[in-house]
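The following exercises concern a single protein chain. Please examine the sequence and the model before working through the solutions.

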Amino acid sequence: MAETRHEPVVVIGLGRFGSAIALELERQGTEVLAIDNVDRRVQDLSSQLTHAVTADCTDVEALQQLGVGEFHRAVVAIGDHLEDSILVTSMLVDLEVADIWAKATSAHHGRILERVGAHHVVFPEQDMGQRVAHLVSGNVLDYLKIDADFALAKLRPPREIVDVPLAESTIRSEHGITVVAVKKDGGSFTYATNETVVSRDDIVLAVGHNDDLERLVDGG
């Protein structure tokens with residue numbers, strides 16, 4: 001089987017968020033160019049990343065010299081300096097990077113990043129806060145926000161679907177939720193069908209609008 005090749009990625013900003021992305025990409029076998037203007041951050045990661053460089057990220061000539069414009073994909077992980085984040089994103093647009101991901105610290109910051117040309121804006125603190133809140137509630141085993149109002153939840157089966165085929169349950173008609181996979185005790189997840197019967201000790205993956213999922217797990 002041929003080895004899967006990943007597009008190289010440039011990561012600009014090596015704080016906690018940027019470092020985690022760069023290290024995980026390298027772990028997956030993706031070539032990474034990691035850039036930060038703080039030499040200490042670069043030195044801390046130099047033994048773990050193949051290409052880690054200290055440079056002024058807000059200097060377009062420095063980015064050009066590093067060949068940033070040759071990358072198809074870039075991550076702007078600068079969160080503590082809003083102006084630098086916006087400036088770097090706009091420079092990546094000027095360098096014609098085709099796929100730009102940018103970290104935002106607020107909705108206002110995110111809107112500006114979109115306006116200057118970011119293709120994807122992420123809110124790591126907000127998204128993690130929402131995920132942890134659902135986990136702390138005790139009713140959800142894991143939670144992934146897929147879109148602004150849509151999510152995937154890993155949870156214990158609600159009473160509406162226990163011991164009946166999914167097609168005969170009310171989870172979709174009354175709650176607008178779709179069960180996509182089921183994991184039996186000690187087994188692995190398998191795709192759910194209309195004929196799938198869920199037991200009380202199973203774990204299910206369900207998708208739906210955030211509000212609908214929250215009402216379901218809260219028993220509303």
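**Exercise 1.** In this predicted model, determine which helix holds Thr89, and decide whether Thr89 is buried or exposed.

*Solution.* Begin with the secondary structure: Thr89 is found in helix 4, which covers residues 82-94. Next, consider the relative accessible area, which is 0% for Thr89. The cut-off for a buried residue is under 20%; Thr89 is therefore classed as buried. Finally, list the contacts, leaving aside neighbours within four places in sequence: Thr89 touches Val76, Ile100, Ala102, Leu113, Val116 and Ala118.

**Exercise 2.** Identify the annotated domain that covers residues 6-122 and describe the secondary structure of that stretch.

*Solution.* The unreviewed UniProt entry annotates residues 6-122 as "domain: RCK N-terminal". Over these residues the chain is 41% helix and 21% strand. The C-alpha atoms at the two ends of the stretch lie 21 Å apart.

**Exercise 3.** Establish the strand order of the open five-stranded sheet, and then place helix 8 relative to its strands.

*Solution.* The order is 7-8-11-9-10, with antiparallel pairing. Strand 7 (140-147) and strand 10 (189-191) are the edges, each pairing on one side only. From one strand to the next, the twist averages 25°. Turning to one pair, strand 7 and strand 8 (residues 150-155) run antiparallel and are joined by six bridges. Within this pair, Leu144 stands opposite Leu152 of strand 8. Helix 8 (residues 210-217) lies across strand 7, strand 8 and strand 11 (203-209). Its direction is at about 135° to strand 11.

Conventions: Residues are numbered from 1 along each chain as its sequence is written. This is a predicted model: local features need pLDDT of at least 70, side-chain atom pairs count only at pLDDT 80 or more; totals for chains, interfaces and linings use all residues. Side-chain values use heavy atoms; hydrogens and water are left out. UniProt positions are given in the numbering used here, feature names are shortened, and annotations may be inferred rather than shown by experiment. Helices (H or I, at least four residues) and strands (E, at least two) are DSSP runs, numbered from the N terminus. Two strands pair if DSSP finds at least two bridges between them. Axes are lines fitted to C-alpha atoms, for helices over the stretch in contact, and angles run from 0 to 180 degrees between N-to-C directions. Contact means heavy atoms within 4.5 Å. Buried means under 20% relative accessible area, exposed over 50%, partly exposed in between (1.4 Å probe, protein chains only).
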